[in-house]
Amino acid sequence: MKNIAVLLSGGGTNLQSIIDAIEAGKVNGRIKLVISNKKDAYGLKRAEKHNIKASFDNDESSIIERLLSEEIDLVVLAGFLKILSPKFTKTFENKIINIHPSLIPSFCGVGYYGLNVHKAAVDYGVKVSGATVHFVDENADTGPIIAQEVVEVLADDTAETLQRRVLEVEHSILPMVVEKYCDDKIEVSGRRVYIK
Ligand code: GRF
């Protein structure tokens with residue numbers, strides 16, 4: 001069974017999607033800890049409701065120490081609004097995944113978070129957007145892509161309505177990737193990732 005840690009900064013609906021998949025018996029893993037770099041993140045409350053160790057921590061070295069001491073196999077960034085240092089990403093190479101609410105490499109990188117991403121997609125006039133789960137390296141949203149799912153952009157979409165539909169897709173591809181990871185079904189070869 002894999003040990004999972006979830007890092008977040010906000011509401012934690014993506015965390016919830018992983019908790020639900022675990023409670024439904026789909027994932028060969030358990031969430032050992034949830035860490036937020038924001039004190040009042042609702043994601044911490046969600047974790048507590050499910051008896052998962054949850055705490056505020058905004059110090060990278062301390063977070064790394066805790067992940068190592070809990071023998072974490074997979075770190076999930078689920079709305080974690082902070083770019084990790086090379087030390088962090090090297091320590092957990094190919095063990096950190098992130099969910100991003102666009103089809104990378106569009107609308108990603110520094111400054112593309114939250115509603116900004118969807119506003120940029122709507123303003124640009126793209127016909128499709130979507131969600132991406134990828135491995136995390138030392139730069140923002142540049143690591144190898146594991147899974148993507150497309151969401152159609154409708155003529156009357158606003159950033160808010162698009163965000164809602166993309167979030168639904170996030171809640172399906174993130175737990176799917178966590179499940180495959182925990183079953184050792186994800187293989188990385190350079191930038192190509194294969195789900196077996
Ligand atoms: C999601 O859109 C995720 O893709 C992005 O931040 C948002 C977090 O939402 N990285 P939540 O906290 O999981 O509800």
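Biologist: In this predicted model, in which loop does Asp157 have its place?

Modeller: The model is a predicted one, and Asp157 can be placed by looking at the two elements that flank it in the chain. One of these is the strand β7 (145-152) and the other is the helix α6 (159-182). The place of Asp157 is therefore, with strands and helices taken as DSSP runs, in the loop between β7 and α6.

Biologist: Is Asp157 buried or exposed?

Modeller: A residue counts as buried when its relative accessible area is under 20%. The relative accessibility of Asp157 is 9%, so this residue falls in that class. Not counting residues up to four places away in sequence, Asp157 touches Val122, Glu152, Leu162 and Arg165. The class asked for, given the 9%, is buried.

Biologist: With which side chain does the side chain of Asp157 make a polar contact of 2.6 Å?

Modeller: The side chain of Asp157 has a polar atom that lies 2.8 Å from the backbone nitrogen of Leu154, but that partner is a backbone atom, and your question concerns a side chain. The contact of 2.6 Å joins the side chain of Asp157 to that of Thr161.

Biologist: Turning to the ligand, which helices each supply at least two residues of the shell around it?

Modeller: The residues around the ligand include Thr13 and Asn14, as well as Leu167 and Glu170. The numbers 13-23 belong to α1, and the numbers 159-182 belong to α6. The helices that each supply at least two residues of the shell are α1 and α6.

Biologist: Which residue has a side-chain N or O atom 2.6 Å from an oxygen atom of the ligand?

Modeller: Polar atoms of the backbone also lie beside ligand oxygen atoms, with Gly12 at 2.8 Å and Asn14 at 2.9 Å. Since you ask about a side chain, those two backbone cases are set aside, and the residue with its side-chain atom at 2.6 Å is Glu170.

Biologist: How much of the area that the ligand exposes when taken alone does the protein bury?

Modeller: The ligand sits in the largest pocket, and an oxygen atom of the ligand is 2.6 Å from the side chain of Glu170. Taken alone, the ligand exposes 360 Å², and the share of this area that the protein buries is 84%.

Biologist: Which peptide bond is cis, with omega near 15°?

Modeller: Most peptide bonds are trans, so a cis bond deserves a remark. Pro105, found in the loop between β5 (96-100) and α5 (115-124), is one of the two residues that this bond links. The cis bond with omega near 15° is the one from Ile104 to Pro105.

Biologist: What is the phi of Asn51, and is Asn51 buried or exposed?

Modeller: Most residues other than glycine have a negative phi. Asn51, in the loop between α2 (42-49) and β3 (53-56), has a positive phi near 55° although the residue is not a glycine. Its relative accessible area is 74%, and because the exposed class begins over 50%, Asn51 is exposed.

Biologist: Is Phe107, which also lies in a loop, buried or exposed?

Modeller: Phe107 is found in the loop between β5 and α5, and its phi is positive, about 50°, although this residue is not a glycine. The relative accessibility of Phe107 is 13%, and because the buried class covers values under 20%, Phe107 counts as buried.

Biologist: How far apart in space are Phe92 and Leu67, C-alpha to C-alpha?

Modeller: Phe92 has its place in the loop between α4 (86-91) and β5, and with a relative accessible area of 3% it is buried. Leaving aside neighbours within four places in sequence, Phe92 is in contact with Ile64, Leu67, Leu68, Ile72 and Val75. Phe92 and Leu67 are 25 residues apart in sequence, and their distance in space is 9.4 Å.

Biologist: How far apart in space are Lys180 and Val27, C-alpha to C-alpha?

Modeller: Lys180 has its place in helix α6, and with 23% relative accessibility it counts as partly exposed. Leaving aside neighbours within four places in sequence, Lys180 is in contact with Lys185, Ile186 and Ile195. Lys180 and Val27 are 153 residues apart in sequence, and their distance in space is 8.1 Å.

Technical notes. Residues are numbered from 1 along each chain as its sequence is written. This is a predicted model: local features need pLDDT of at least 70, side-chain atom pairs count only at pLDDT 80 or more; totals for chains, interfaces and linings use all residues. Side-chain values use heavy atoms; hydrogens and water are left out. Helices (H or I, at least four residues) and strands (E, at least two) are DSSP runs, numbered from the N terminus. Buried means under 20% relative accessible area, exposed over 50%, partly exposed in between (1.4 Å probe, protein chains only). A polar contact is a pair of N or O atoms within 3.5 Å; within protein, one must be able to donate a hydrogen and the other to accept it, and residues adjacent in sequence count only if both atoms are side-chain atoms. Contact means heavy atoms within 4.5 Å. A residue is near a molecule or strand if one of its heavy atoms lies within 4 Å of it. Accessible areas come from the Shrake-Rupley method with a 1.4 Å probe; for residues, only the protein chains shown count as cover. On a 1 Å grid over the protein atoms alone, a cavity is a set of points where a 1.4 Å probe fits but cannot get out, and a pocket is an open set with protein on both sides within 12 Å along at least five of seven lines; lining residues have an atom within 4 Å of a point. A molecule sits in a cavity or pocket if more than half of its atoms lie within 2 Å of its grid points.
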